[in-house]
Every structure is written in structure tokens, then in C-alpha cells.
Amino acid sequence: MQRASVDPSQLTSINRKKDVASHNLLKAEIEEGGEDFERKRAWDWTIEESERWDERLAEKARKRDENQFADYNKEAGKVYERQLGQMAKTGFEERLASYEQDKREAINRAVASGGLELVETQEGELIAVDKDGTFYSTNDTSTFTGAKPSKDAVDRLVADIKKAEEVRMKKRRERGRPDEDGQDVTYINEKNKQFNMKLARFYNKYTADIRESFERGTAI
């Protein structure tokens, strides 16, 4: 088997440089003629492409706004929704069904012992009436202190606390470093971030149009 005489990576690099040169040449010719390059280039976009681009920009702005701190109530709501999503992935439905089963058994035992009385309403609904006030908790109730959670429940609580602490410490460390406000994350570690920042400092002014074209899907 013969080795390929042309390096594919070099061929790709040459084609990319050719596209960049053609793009810059076209831009220079249009601007020399006194026309707006962006307006001229927009003529090649379809309505669907333009709408998709606007939707993408709106989605990026929405996500950026959602990630920004607004108030503690909103942050608490986001944490609550995230925890519900995590619970749904870790057998929440099974635990809820087990809780409902235990609740029904406790009510049945209370009814059998006379502590609760089942009353049927006019609509046919059965309700449990606490006759002597010993079944349902009140401000003076202390029997709930004897409840003992299962080992799995304790382990889940410990894991949640550890995870929250790790996230808190990570955010605390990141506060001491400069961040790219409103920018997409384009790095995998700190060293790669510094390298990307150097590239951006020298080449962003040349590649901004090309990167936008790739995002639109209308690259030359």
C-alpha cells in the first residue's frame, strides 16, 4: 500500500487560506466601491437562514441572561428545579410511591385503632378525621422527632451536601480569575484559555466574519 503523496491536513490548510483570501478580496472590492459588505452579502441568505440566525442569537442572549444573577429567590428557584431534575433521574418516582404506601398504611393503622375516622362527603370522597388530635402534627407535636430516615436517604443527603460544597468552592476559586463576560467557553483548561486569548488578540479582527458565516452555515 503506497503512502499518500499529499498531506490531507496541509491540503485543508491551503483550502482554508484560499477561502480566507477570497473572502477578504471580495470584502475589499465591495468596500472600495462604496457599498456595504454585510448588506451585499446578506443578499445571498434565504429568509429561513436569516430567521435561524436571529433565533440562535436570541437563544444565546436568553441563556446568558438566565445565567446571570438576578435575585436570591430566582437563584433558589433554579436550584430547586435542578434538584427536581436530579431526583427524577435517581428513582424519585419509586421513593414517592413508597412514601404514599407508608402513608396509607399509617392511616389504616390509625383507623383500626380508633385514632382516625373515615367520613364520606356528599361528593363521595373519603376523608380522615383526627378525632382526638393525636395523628396529625400540630405546633405541640413532638412525636416526629422519633422518625428515623433510612440509610439510603442519609447517603443521598450527604452526597448532595458534598456536591453543593464542591460547586461552592469551585465558584469561589473562579471569582479570583478574570472571566470572559458574555463569551462562549472555547477552552478546556486554563492553559488552553490563555492560548485562545493570544490567538484572539491577533486574529479576531480577520476571522470575525468567517466565524459568523460558519455559525450561519453560509461559509464560502
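Begin with the whole protein chain in cartoon representation: the chain contains seven helices and two strands, where helices (H or I, at least four residues) and strands (E, at least two) are DSSP runs numbered from the N terminus. Followed along the sequence, these elements come in the order α-α-α-α-α-β-β-α-α. The model is predicted, with local features needing pLDDT of at least 70 and side-chain atom pairs counting only at pLDDT 80 or more, while totals for chains, interfaces and linings use all residues. Residues are numbered from 1 along each chain as its sequence is written, and side-chain values use heavy atoms, with hydrogens and water left out.

**Colour by confidence**

Next, colour the chain by pLDDT, the predictor's confidence in each residue on a scale from 0 to 100. The average over the protein chain is 75, and 76% of the residues score at least 70. Among the elements, strand β2 (residues 126-130) has the lowest mean pLDDT, 68, and α1 has the highest, 84. Where pLDDT is low, the predicted coordinates should not be read in detail.

**Show the surface**

Turn on the accessible surface, computed by the Shrake-Rupley method with a 1.4 Å probe; for residues, only the protein chains shown count as cover. The surface of the protein chain comes to about 19,200 Å², and carbon and sulfur atoms account for 53% of that area. Of the 220 residues, 8% count as buried; buried means under 20% relative accessible area, exposed over 50%, and partly exposed in between (1.4 Å probe, protein chains only). For contacts (heavy atoms within 4.5 Å), consider pairs of residues at least 6 apart in sequence: 33% of these contacts join residues at least 24 apart.

**Select helix α1 and Lys27**

Select residues 8-32, which form helix α1. This helix has 25 residues and reaches 36 Å from its first C-alpha to its last, close to the 36 Å expected at 1.5 Å a residue; the expected span is 1.5 Å times one less than the number of residues. After α1 comes Gly34, whose phi is positive, near 80°.

Within α1, centre the view on Lys27. Which residues does Lys27 contact, leaving aside its neighbours within four places in sequence? They are Phe37 and Asp209. A distance label between the C-alpha atoms of Lys27 and Glu38, eleven residues apart along the chain, should read 8.8 Å.

**Step through the salt bridges**

A salt bridge here is a side-chain nitrogen of Lys or Arg within 4 Å of a carboxyl oxygen of Asp or Glu. By this rule the count is three.

- Show Lys27 with Asp209: their side chains form a salt bridge with an N to O distance of 3.0 Å. Asp209 belongs to helix α7 (residues 190-216) and Lys27 to helix α1, so the pair ties together parts that are 182 residues apart in sequence. Asp209 is buried at 13% relative accessible area, whereas Lys27 is partly exposed at 25%.
- Move to Arg62 and Glu59, whose side chains meet in a salt bridge at 2.5 Å, N to O. The two lie three residues apart in helix α3 (residues 47-67), about one helical turn. Arg62 is partly exposed, with a relative accessible area of 37%, and Glu59 is likewise partly exposed, with 31%.
- Go on to Lys151 and Asp155, where the closest N and O atoms of the salt bridge are 3.0 Å apart. Both residues lie in helix α6 (residues 151-174), four residues apart, about one turn of the helix. Lys151 is exposed at 63%, and Asp155 is partly exposed at 37%.

The spacing within a helix has a general basis: an α-helix has 3.6 residues a turn, so residues three or four places apart point the same way.

**Select helix α4**

Select residues 72-89, which make up helix α4. Its 18 residues should span 26 Å at 1.5 Å a residue, and the end C-alpha atoms are 26 Å apart, in agreement. Gly91 follows α4, and its phi is positive, near 80°.

**Finish at the nonpolar patch**

Finally, select Phe195, Leu199, Phe202, Tyr203 and Tyr206, which make a nonpolar surface patch of about 570 Å². Patches are made of residues with over 30% relative accessible area and no salt bridge, with like charges joined within 9 Å and nonpolar side chains (Val, Leu, Ile, Met, Phe, Trp, Tyr) within 5 Å. Tyr203 is found in helix α7 and is partly exposed, at 49% relative accessibility.
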